[in-house]
Amino acid sequence: MTWTEFLSERMSRILGKAAVTIIGASFLKATGTQTGVLFLLLIFLFLGFLLTQISDFLLQRARLRELESIMDGLDKKYLFAECMPAPRTAYERRIFHLFKRSGRAMAGAVSDAEASLREYREYIESQVHEIKAPITAARLICRNTEPKTRRKLDFELTQIEAHVERTLYYARAESPEKDFLIQENSLSDLVSQAVGCYKSLLIQKGIRVETHSLDYTVYTDGKWALFILGQLLQNSARYHGGEPVITLSAGAFKNRV
């Protein structure tokens, strides 16, 4: 809060007090009060009013800073009403009571939304796992077909499997802390797995893959790293130009790879 904001909020009150003071001073002057006495009285009134306003301004500014520090320290801002300090005036008590009612309603709405989202994510994950079973069965059936047809069917099944995997990972992305496991992984192994998963797609598109300087060990989540590499490979296969070559390489930058 600034002095300008404080004074603009109290301008009507200040003007009202000034008008009352002028009327009172005029009455005292008309009843024969000496000018010197009247002047001293006005000075004392002004100083008292000024000190009162300064005190109110400092108290309000300190109160606002206290509330702002509490708000800044909260991860879930909608819980602010539950963490506010005890009110100091009757007006604050009424306002804080309204805030708490609003905060409880918001917390209930957020809880319901999170529960609904969790149920939806669990449904998506279960359906994705159900879809994987017929994909695996279709791959087994493809082994009994002639080579040209098998390659075409394998390509389409790879596409379907990629879409299914993407759906699963996007569903899990809402709560990565529950599905994120940091472990030691070899970059060369991760790249080999990713290229192997999309081998048929790359061959179908006539894309050559080159790898350089992948002899690094990193700490990451292997599943998510494979997913990201898979997305890069799929996008490269989808939007390639003439004589396409995908180059995968790594380098050390201070404490990062």
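**Salt bridges up close**

**View 1. E66 and R63 pair up through their side chains in a salt bridge, with N to O at 3.4 Å.** This is a predicted model, and a search of the whole structure turns up three salt bridges. Here the two partners sit three residues apart in helix α3 (residues 35-72), so about one helical turn separates E66 from R63. As for surroundings, R63 is buried, with a relative accessible area of just 6%. E66 comes out at 28% relative accessibility, so E66 counts as partly exposed.

**View 2. R208 and E210 meet side chain to side chain in a salt bridge, N to O at 3.0 Å.** Are these partners buried or partly exposed? R208 has 46% relative accessibility and counts as partly exposed. E210, at 28%, also falls in the partly exposed class.

**View 3. D221 and K223 form a salt bridge in which the closest N and O atoms are 3.8 Å apart.** That distance makes the pair qualify because the cut-off is a Lys or Arg side-chain nitrogen within 4 Å of an Asp or Glu carboxyl oxygen. On the acid side, D221 has a relative accessibility of 1%, so D221 counts as buried. On the base side, K223 is partly exposed, with 35% relative accessibility. So this view shows a buried D221 bridged to a partly exposed K223.

Key
Residues numbered from 1 in each chain as written. Predicted model: local features only at pLDDT ≥ 70, side-chain atom pairs only at ≥ 80, totals over all residues. Heavy atoms only, no water. Helix = DSSP H or I, 4+ residues; strand = E, 2+ residues; numbered from the N terminus. Buried < 20%, exposed > 50% of the residue type's maximum accessible area, 1.4 Å probe, protein only.
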